[in-house]
Amino acid sequence: MKFVHLHNHSDYSILDGSITIDTLISKTVDFGMSAVALTDHGNMFGAVDFYQKARAKGVKPILGQEFYIAPGSRFAKESKSHGKDSSYHLVLLAANEEGYKNLIKLSSIGYLEGFYYKPRIDLEVLEKHSKGLIALTACLGGEIPVLILENKKEEAKKRAGLFSEIFGKDNFYLELQDNGIEEQKTVNRELIAMAKALNLSLVATNDCHYPEEKDARAHEILLCIQTGKLLSDKTHMKFPSTK
């Protein structure tokens with residue numbers, strides 16, 4: 001079965017991703033995959049380098065970004081707790097040149113208008129710049145997964161319906177992930193049921209932040225640098241799974 005990785009974070013996801021562009025492409029070639037996406041957090045800093053190097057290796061580059069979506073207006077600078085709830089995740093991929101231009105536009109708006117802890121956009125600008133884009137519901141930090149885990153299933157379904165209207169049913173996917181995190185099992189069950197109820201499509205991704213399982217420890221150290229913590233501090237941030 002052919003598989004394409006559609007959710008990957010390079011080292012341009014500063015102090016969060018640890019996959020270099022060269023490694024991402026070489027792994028894609030090694031696994032005999034014809035295409036791969038780059039979806040860094042809140043930026044497209046690596047887009048040109050990624051595009052050129054992928055094309056040089058005969059790999060189809062899929063340009064994207066994991067955006068931060070403000071829960072209300074991008075101009076509202078407030079949250080429940082020090083930025084924790086100031087944004088949700090949403091993966092956007094360019095399907096064509098128009099989509100690429102919209103990615104650039106949205107990314108710029110995130111920094112110039114919506115920045116609050118992170119570069120954020122909102123539904124208003126998504127509706128204006130949705131053409132040529134494919135949207136995925138992202139990881140457990142996506143709005144729909146968050147609503148599911150808060151047991152707000154009907155609200156999650158309404159949000160899925162709204163995104164489907166914005167991007168078009170053929171360009172909106174409910175994103176399944178299984179990295180050994182218990183909450184993913186709950187979310188996946190509901191997403192599958194939601195897909196059937198709303199006649200939406202599903203897509204499997206891995207939300208890659210490091211190349212191989214053996215790199216999990218190095219990535220944990222990277223997260224400590226990001227958060228200013230020591231490895232000896234039992235409260236330091238780390239992923240709940242090494243898969």
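Is Gly110 buried or exposed at 2% relative accessibility? Gly110 counts as buried, because its relative accessibility of 2% falls under the 20% cut-off. The model discussed here is predicted.

**Gly110 and helix α3**

Gly110 is part of helix α3, which covers residues 97–112. Leaving aside residues up to four places away in sequence, the contacts of Gly110 are Phe115, Pro119, Arg120 and Ile121. A further relation links Gly110 to Asn43: the two are 67 residues apart in sequence, while their C-alpha atoms are 9.1 Å apart in space.

**Ser87 and the loop before β3**

Ser87 sits in the loop that runs between β2 (60–69) and β3 (88–94). With 12% relative accessibility, Ser87 counts as buried. Outside the residues up to four places away in sequence, Ser87 touches Tyr68, Ile69, Ala70 and Pro71, and also Lys118 and Arg120. Arg120 is thus a contact of Ser87 and also a contact of Gly110.

**Thr28 in helix α1**

Helix α1 spans residues 21–30 and includes Thr28. Thr28 has a relative accessibility of 3% and therefore counts as buried. Again without residues up to four places away in sequence, Thr28 is in contact with Met33, Ala35, Val36 and Val59.

**Accessibility of single residues**

The table sets these residues beside Ile14, which is taken up below.

| Residue | Relative accessibility | Class |
|---|---|---|
| Gly110 | 2% | buried |
| Thr28 | 3% | buried |
| Ser87 | 12% | buried |
| Ile14 | 55% | exposed |

**A nonpolar surface patch**

Ile14 belongs to the segment before α1. Its relative accessibility is 55%, so Ile14 counts as exposed, the cut-off for that class being over 50%. Ile14 is one of the residues of a nonpolar patch on the surface, together with Leu15, Ile221, Ile225 and Leu231. The accessible area of these residues together is about 420 Å².

**Aromatic pairs**

How many aromatic pairs does the count come to? The count comes to 3 for ring centres that lie within 6.5 Å. One pair is made by Phe163 and Phe172, with ring centres 5.8 Å apart and planes at 35°. Why is this pair called tilted? The angle of 35° is neither under 30 degrees, as stacked planes would be, nor over 60, as edge-to-face planes would be, so the pair falls into the remaining class. Phe163 and Phe172 are both buried.

Terms used. Residues are numbered from 1 along each chain as its sequence is written. This is a predicted model: local features need pLDDT of at least 70, side-chain atom pairs count only at pLDDT 80 or more; totals for chains, interfaces and linings use all residues. Side-chain values use heavy atoms; hydrogens and water are left out. Helices (H or I, at least four residues) and strands (E, at least two) are DSSP runs, numbered from the N terminus. Buried means under 20% relative accessible area, exposed over 50%, partly exposed in between (1.4 Å probe, protein chains only). Contact means heavy atoms within 4.5 Å. Rings of Phe, Tyr and Trp (its six-membered ring) pair if their centres lie within 6.5 Å; planes under 30 degrees apart count as stacked, over 60 as edge-to-face and the rest as tilted. Patches are made of residues with over 30% relative accessible area and no salt bridge: like charges are joined within 9 Å, nonpolar side chains (Val, Leu, Ile, Met, Phe, Trp, Tyr) within 5 Å. Accessible areas come from the Shrake-Rupley method with a 1.4 Å probe; for residues, only the protein chains shown count as cover. A salt bridge is a side-chain nitrogen of Lys or Arg within 4 Å of a carboxyl oxygen of Asp or Glu.
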